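Good morning, colleagues. Please turn to the structure on the screen; I shall take you through its sheet, its core and some details of its backbone.

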Amino acid sequence: MSRLEENTKEDTTENIQEANQSNKMNPMLLVGIIVAVLIIGAVVVLGMGASNTADSVAEKTENTVAPIATTQSETMDEAAPENVIEVEGGSFYFKPNEIRVKAGETVTIKLNSADMMHDFVIDELDVRTEIVQGGSSGSVTFTPTEPGEYEFYCSVSNHRAQGMVGTLIVEEYTLVE
Ligand SMILES: [Cu+2]
């Protein structure tokens, strides 16, 4: 056997040993990489899971909130533009002191206080605004069903006796085409 051949043989052996070593190293590296990937993957999945949960919570919150907002705006749209009757309350009067509405129609009475505290009350119809301060206003929405005349008054102190009274006239509902 020539020397060259021996060298080649040694080289080959070394190469095989190196290959064996690297084959031994690779599994450890692979395990390390797999563990790292699993950890990263778990973190990513958990992160996505968490954000998905947050998203769905946000969606649920929106879904819960939205209908209320819609209902409120619908209610205001129905009541606000057409059937609001503004009444001024002062010491000691209502202006106007005669209000006409139609039976079956929803009406909002908006009481604007010109001075001090007043409210707007109709006992028979269970109608009552909050007591409002001078310069501010309060309202009550109701639907009278029985035609007739109803007294409204201010229930603060002795305002009713001093003249804070008026008449709500509920007229028979008639179809207008
Ligand atoms: Cu009053």
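How many bridges join strand 1 to strand 2, and do these strands run parallel or antiparallel? Strand 1 and strand 2, the latter covering residues 93-95, are joined by three bridges and run antiparallel. I should say at once that we are looking at a predicted model.

The connection between these two strands is a hairpin, made through two residues. Within the pairing, Gly 89 stands opposite Phe 94 of strand 2. The loop between strand 1 and strand 2 contains Phe 92, and the peptide bond that leads from Ser 91 to Phe 92 is cis, with omega near -5°.

Let me place this hairpin in the overall arrangement. The protein has one helix and nine strands, and from the N terminus on the elements run α-β-β-β-β-β-β-β-β-β. Of the contacts with a separation of 6 or more, 60% are between residues 24 or more positions apart. Of the 177 residues of the protein, 13% count as buried.

I turn now to the sheet. In general, strands of a sheet pair through backbone hydrogen bonds, in either the parallel or the antiparallel sense. Here, strands 2, 1, 4 and 7 form, in the order 2-1-4-7, an open sheet of four strands with mixed pairing. Its edge strands are strand 2 and strand 7, the latter spanning 137-142, and each of them pairs on one side only. Direction ignored, neighbouring strands of this sheet are turned by 25° against each other on average.

What makes the pairing mixed can be followed strand by strand. Strand 1, residues 84-90, pairs with strand 4 in the parallel sense over six bridges. Strand 4 and strand 7, by contrast, pair in the antiparallel sense, also over six bridges. Which residue of strand 4 is the bridge partner of Val 87? The partner is Leu 111. Leu 111 in turn has Gly 138 as its bridge partner in strand 7. One can therefore trace a path across the sheet from Val 87 to Leu 111 and on to Gly 138, given that strands of a sheet pair through backbone hydrogen bonds.Val 87 and Leu 111 lead us to the core. The largest nonpolar core has 15 residues, and those that touch the most other members are Val 87, Ile 109, Leu 111, Phe 120, Phe 152 and Leu 168. Strand 4 (107-113), strand 5 (121-122) and strand 9 (165-171) each supply at least two residues of this core. Strand 4 gives the most, with three residues. As a general remark, nonpolar side chains in soluble globular proteins tend to be buried together.

Consider Leu 168 more closely. Which residues is Leu 168 in contact with, leaving aside its neighbours within four places in sequence? They are Ile 99, Val 101, Ile 122, Tyr 150 and Phe 152.

The contact with Ile 99 deserves a word. Ile 99 is found in strand 3, residues 98-102. Is Ile 99 buried or partly exposed? Ile 99 counts as partly exposed, because there are 19 C-beta neighbours inside 10 Å, whereas a buried residue has 20 or more. Beyond its neighbours within four places in sequence, Ile 99 is in contact with Ile 85, Gly 166, Leu 168 and Ile 169. Ile 99 and Phe 152 are 53 residues apart along the chain, and their C-alpha atoms are separated by 9.6 Å.

Finally, some points of backbone geometry. Most residues other than glycine have a negative phi, and most peptide bonds are trans. Besides the cis bond before Phe 92, a cis peptide bond joins Lys 95 and Pro 96, with omega about 0°. Pro 96 is placed in the loop between strand 2 and strand 3.

Two residues other than glycine may be noted for a positive phi. Met 116, in the loop between strand 4 and strand 5, has phi near 40°. With 17 C-beta neighbours inside 10 Å, Met 116 counts as partly exposed. Asp 126 lies in the loop between strand 5 and strand 6, the latter being 127-128, and has phi near 60°. Asp 126 counts as exposed, because 9 C-beta neighbours lie inside 10 Å.

To close, I would ask you to keep in view the four-stranded sheet of order 2-1-4-7 and the core to which strand 4 gives the most residues. Thank you.

Note on methods. Residues numbered from 1 in each chain as written. Predicted model: local features only at pLDDT ≥ 70, side-chain atom pairs only at ≥ 80, totals over all residues. Core = buried A, V, L, I, M, F, W, Y, C linked by C-beta atoms within 7 Å. Buried ≥ 20, exposed ≤ 12 C-beta atoms within 10 Å, placed from the backbone. Contact = placed C-beta atoms within 7 Å. Pairing = 2+ DSSP bridges. Axes fitted to C-alpha atoms, helices over the stretch in contact; angles between N-to-C directions.
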